[in-house]
Amino acid sequence: MAKPEHSPNPSIPYTVIRSRRKTMALVLHPDNQLEVRCGLKMPLADIKRFVQEKEPWIRRKMTENSHLIPVKVPSEPKQMTLLRHQTRQKALMILQRFPDLVPGRLMIRRQKRRWGSCSKNGVISINLCAGLLPDELLEYIVVHELCHLIHFDHSPRFHHHLEQLLPGAQVRSRALQRYLLA
Ligand SMILES: [Zn+2]
């Protein structure tokens, strides 16, 4: 990947990253940094026009991003240990309400991009930082992963079952999208 170039006097600033690719793509990062990825010889005028054409989309996404609530992992080890403990206690309380669904193991760990995951052998991992979320969202994350013990996908059957286990799951899923792991 080549050295980034910066847009000349644009209405929306962006960085150009050139590589051997045929198409142009926009990447808007959660911190609203905009990147244009394009081929090695794509003329700047074409890039500029591409960004202009996409401006309504970019503006809309930027507004959405600015409403995101960052969730930060504590920097001090002591606080991190405390948070791990709290998140585990809360997650265990939620698990107790679903005695028919028992994970092979519950892990509370730091994950950069995910709130939770469920492995094929039934190990449920919950992001340490999920304990910082409102309780109903932590509950959503735990029950979502529990539901994966039965449906190992995001099929309509999964979502139907999840909604039965936790009425309003979809609404919570949307609410969770406002939180950004930072
Ligand atoms: Zn899932």
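Arginine 18 stands opposite cysteine 38 in strand S4, and this pair is a good place to start reading the model. Strands, like helices, are DSSP runs numbered from the N terminus (E over at least two residues for strands, H or I over at least four for helices). S4 covers residues 34–38 and runs parallel to S2, with four bridges joining them. Two strands count as paired if DSSP finds at least two bridges between them. What you have in front of you is a predicted model, in which local features need pLDDT of at least 70 and side-chain atom pairs count only at pLDDT 80 or more, while totals for chains, interfaces and linings use all residues. Residues are numbered from 1 along each chain as its sequence is written.

From that pair we can step outwards through the sheet. On another side of the story, S2 (residues 15–18) also pairs with S1, in the antiparallel sense and over two bridges. Here histidine 6 stands opposite threonine 15 in S2. S4, for its part, is joined to S3 by four bridges, and these two strands run antiparallel. Within this pairing, leucine 28 has leucine 34 of S4 as its bridge partner. Put together, the four strands make an open sheet with the order S1-S2-S4-S3 and mixed pairing. S1 (5–6) and S3 (25–28) are at the edges with a single partner strand each, so one side of each has no neighbour in the sheet.

The connection between S3 and S4 deserves a look of its own. The two strands form a hairpin with five residues between them. Asparagine 32 lies in this loop, and its phi is positive, about 70 degrees, although it is not a glycine. How buried or exposed is asparagine 32? It counts as partly exposed, because it has 16 C-beta neighbours inside 10 Å. The scale behind that word uses C-beta atoms placed from the backbone: a residue is buried if 20 or more other C-beta atoms lie within 10 Å of its own, exposed if 12 or fewer, and partly exposed in between.

Now let us move along the chain. The domain assignment gives domain 1 (5–67) and domain 2 (77–181), with bounds that come from an automatic or database domain assignment. The centres of domain 1 and domain 2, taken over C-alpha atoms, are separated by 35 Å.

Another open sheet has three strands in the order S6-S8-S7, again described as mixed in its pairing. S6 and S7 (116–118) are the edge strands, each pairing on one side only. From one strand to the next, the twist averages 15 degrees. Angles here run from 0 to 180 degrees between N-to-C directions, with axes as lines fitted to C-alpha atoms, for helices over the stretch in contact. S6 and S8 run parallel and are joined by five bridges, and arginine 109 stands opposite asparagine 127 in S8. Helix H3 packs on the sheet, touching S6 and S8, and its direction makes about 145 degrees with that of S6. Helix H4 also packs on the sheet, touching S7 and S8, with its direction at about 15 degrees to that of S7.

The largest nonpolar core has 18 residues, and Ile126, Ala130, Leu138, Ile141, Val142 and Val143 have the most contacts inside it. Such a core is a set of buried Ala, Val, Leu, Ile, Met, Phe, Trp, Tyr and Cys residues joined through C-beta atoms within 7 Å. S8 (123–127) and H4 (135–147) are the elements that give two or more residues to this core, and H4 provides the largest share, seven residues. Isoleucine 126 touches Thr87, Ala91, Ile108, Gly116, Ile141 and Val142, leaving aside residues up to four places away in sequence; contact means C-beta atoms, placed from the backbone, within 7 Å.

Valine 102 offers a contrasting setting, in the loop between H3 (77–96) and S6 (105–109). It is exposed, because 12 other C-beta atoms lie within 10 Å.

Finally, the whole protein has six helices and nine strands. Its radius of gyration (taken over C-alpha atoms) is 21 Å, well over the 16 Å that the globule rule (2.2 Å times the number of residues to the power 0.38) gives for 182 residues, so the protein is more spread out than a compact globule. Buried residues make up 18% of the 182 residues.

Conventions. Contact = placed C-beta atoms within 7 Å.
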